[in-house]
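Reader: I would like a close look at one helix packing arrangement in this model and at the empty space found elsewhere in the structure. Please give the geometry along with the residues involved.

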Amino acid sequence: MVPPGKKPAGETSNSNKKCKRYFNEHWKEEFTWLEFDYERKLMFCIECRQALVKNKHGKAENAFTVGTDNFQRHALLRHVTSGAHRQALAVNREQLAFEARVHNHQELRSVIKVEVNPAKIAILTTVYWMAKEEIPDEKCSSLLEFQKFNLCQALLTSELSDCYHPRSVKEMQAAIVRVLHNEDRHKMKASPFIGLVVDETVDVLEHRNLIMFTTTVSPCDGQTSITFLGSFELPAGEAYTVADKAVEVMHSFGVPTMKITWLSSDSSSLMADRLNGAGTKLKSICPLLTEMHCVSHGSSLLPAESVVNIDYVRKYETTVDAVYRLYSNFKGESNSLQELQSALDLCEIDLEGPKTIHWTSIFPAVEAIDSSWPTLVLLLESESERSPVAFGLCEELKKFQFVAFTKILLDVLPIFQKLSRFFQIEDFDLSILKPIVSATATTLQAQKTTSGQNFQEFLNEMNEHPREDREDESRFYYKGVELASCSKVHLKNFEHLKETYLESVRGNLLDRFPSHVLEAVNSFSAIFNPKCYPQSLDDIGSYGITELNFLLQAYSRVVVSERALNDFPLFKRIVFSLSQLSFKDLCIKLVYSHSEMHELFPDFAVLAAIALALPLGSVLYEKINRGRELMKRSQWRYAKDSGLSNFMKIAIDGPTINEFDFALAIEYYESLRESDFIMAQVQ
């Protein structure tokens, strides 16, 4: 029921109630000063709101400062030619000029092209190239001398001030990153919606750091971009969560919280934050947010950090960790033990690193333990008399429970490996996400009652020999080794452990992909994937109604549901005729601001932009892995300063040298040096 004198949100203030009008996103391109409040369904003039110029009646308000729902183009034309608007433009221009003078003409410098000293360009290109190639900062001086030796004219013919000394590499990197961040801000400002990816790391000083990426969508061509925002240290203390830092960083880049539609992570701490209520806090700030596992991460989807709460899993990981530390560098002739080092190399595991290694989630490491088990037992037995550590490990490895649990892991881990590979496909078919997660959960449930292949083969290969000293008891051997703690009672107890472990793994998988998230992804696929549509045009009448209603309810703040439902029949017929397009291709066609489909179906264009912002694909997977590698290889060099994030930004996102604006970087660098000099004089 609409109160008297009030209009429904989004409806024009025109007196003709038979004709409803809605805000047209395309107007923003024609009238750059126009902004729209999706929650209040009102449009405003940015210039007038900023200036708040008083009119002849002494009032600073007009329809476009308080907000109007008069969604007609001629209303915009009247406003743009009004005296109030022209006066507001003049006031804002004067304010901008004043700010430029106050800031020592920095804005004017970017407009007036000044000839740049070639030597400065040569030094900054060297610093830039060093970061791209991961060359240590201290090599800068020798590289510059080497270029002089090779007769680099720019460095031979110019004299430079001390501010371009190789000792200032980190300051130069900061100036370069400022140029890159300017481009990032432009991308995020232009993108209708943004996906946020976070990954937690621990450095050599055991400080928690948050690596952040964003996915953006360009309205000019519908293409998506993956951007590395930086590495940010998380303050100590449980009160300050990953969610707090994520919001702080996004605010620093000027990103409205309404734009953030996806939050993805492979970080165990973020999963914990969500369970502790921090995820809810973030969603209250970002009303369109959907949180899910980062399907582009290369690490296993198996939530190892959660299953270690099972007592025996912790004990198993402690045992495996001790074995690897003892024998990974074994110099003997045994090929079996060399497999341990091969597994470490393959998985790039650093035994000296600060981070806890969750062996139960690393398939090659478990596989190496299984294949080398007989050799390990014999070697540990030979050293047991002179080494208490070897004796304890030998006793543990010979236990039935250790071997049996290794076999369970060999049955479970390949399931998650296969699941991870699906998510690393560049043009991943979202329609299979829900079925594949459900199938994985079903397989894990089935293994609780029906043993997997490796565990069943282990049971079949055990040889039973009656004990001579005790009646009704037997000895059990596997690959020539007598198993300890192996009886019918032990087997029954192990069945309980197996069920507990499989249920924990299954439950955590479903936690990472909650039903409402799977429903959202499935709905996007049903609406925007032409290959999911019925084969016959006669069958599309009722197709997709449920999925569309789900999306319209989830994103009611940014779409007009009534208009979308009215447009849906025509939209479906057009999509049906575009059966050759992929999910991504159709979304790009809708998001492209100058396309006919963008004009015809504004609400579907909004939903398509949200879908494209979902963090997916091999590019994101490669950038995340690149970030982890850089953190791992470079953190020793940057342990005592904050330069690592800048170094990583250049290495990950920096374009080729011929595409980068070094003149602007020099301008930023010199202004930074001037500011430091002035501050030093004041102090």
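Author: In this predicted model, helix 7 and helix 10 are roughly perpendicular to each other, because an angle between 65 and 115 degrees counts as such and theirs is about 85°. Helix 7 covers residues 118-132, and its axis lies 10 Å from that of helix 10. On the side of helix 7, the contact is made by Ile 123, Leu 124, Val 127, Tyr 128 and Ala 131. Helix 10 contributes Val 169, Met 172, Gln 173 and Ile 176. By class, this contact has eight nonpolar residues, one polar residue and no charged ones.

Helix 7 also packs against helix 30, which spans residues 644-653. Here the axes come within 8 Å and cross at roughly 85°, which makes helix 7 roughly perpendicular to helix 30. Tyr 128, Ala 131 and Lys 132 of helix 7 meet Phe 647, Ile 650 and Ala 651 of helix 30. The class count for this contact is five nonpolar, no polar and one charged. Tyr 128 and Ala 131 are thus named in the contact with helix 10 and again in the contact with helix 30.

Tyr 128 has an aromatic partner as well. The whole structure holds 33 aromatic pairs. In one of them, the ring centres of Tyr 128 and Phe 662 are 5.4 Å apart and the ring planes stand at 80°, so the pair is edge-to-face. The two residues belong to distant parts of the chain, 534 residues apart: Tyr 128 is in helix 7, and Phe 662 is in helix 31, residues 662-682.

Helix 10 leads on to the empty space. The second largest pocket contains about 1,500 Å³ of space. Its lining comprises 40 residues, and those closest to the pocket centre are Glu 25, Lys 28, Tyr 38, Lys 189 and Lys 259. Helix 10 (169-190) is among the elements that give two or more residues to this lining, along with helix 1 (27-30), strand 1 (34-37), helix 2 (46-51), helix 27 (596-600) and helix 28 (602-612). The lining divides into 20 nonpolar, nine polar and 11 charged residues.

Enclosed space is a separate matter. The search of the whole structure finds five cavities of 30 Å³ or more. The largest cavity has about 140 Å³ of space. It is lined by 14 residues, and nearest its centre lie Phe 23, Phe 36, Tyr 38, Val 560 and Arg 563. Tyr 38 is therefore listed near the centre of the largest cavity and also among the residues closest to the centre of the second largest pocket, the lining of both being set by atoms within 4 Å of a point. Helix 28 gives the most to the lining of the largest cavity, namely three residues. By class, that lining has nine nonpolar, one polar and four charged residues.

The second largest cavity has a volume of about 50 Å³. Its lining consists of Ile 369, Asp 370, Trp 373, Pro 374, Phe 402, Val 403, Thr 406, Lys 407, Tyr 478 and Lys 479. Helix 17 (363-383) and helix 19 (400-423) each supply at least two of these residues. Six residues of the lining are nonpolar, one is polar and three are charged.

Terms used. Residues numbered from 1 in each chain as written. Predicted model: local features only at pLDDT ≥ 70, side-chain atom pairs only at ≥ 80, totals over all residues. Heavy atoms only, no water. 1 Å grid on protein atoms, 1.4 Å probe; cavity = no way out; pocket = protein on both sides within 12 Å on 5 of 7 lines; lining within 4 Å. Points joined across faces, edges and corners; volume = space filled by probe spheres on them. Helix = DSSP H or I, 4+ residues; strand = E, 2+ residues; numbered from the N terminus. Nonpolar A, V, L, I, M, F, W, Y, C, P; charged D, E, K, R; others polar. Axes fitted to C-alpha atoms, helices over the stretch in contact; angles between N-to-C directions. Contact = heavy atoms within 4.5 Å. Phe/Tyr/Trp six-rings, centres within 6.5 Å; stacked < 30°, edge-to-face > 60°. Parallel < 35°, antiparallel > 145°, perpendicular 65-115°, else oblique.
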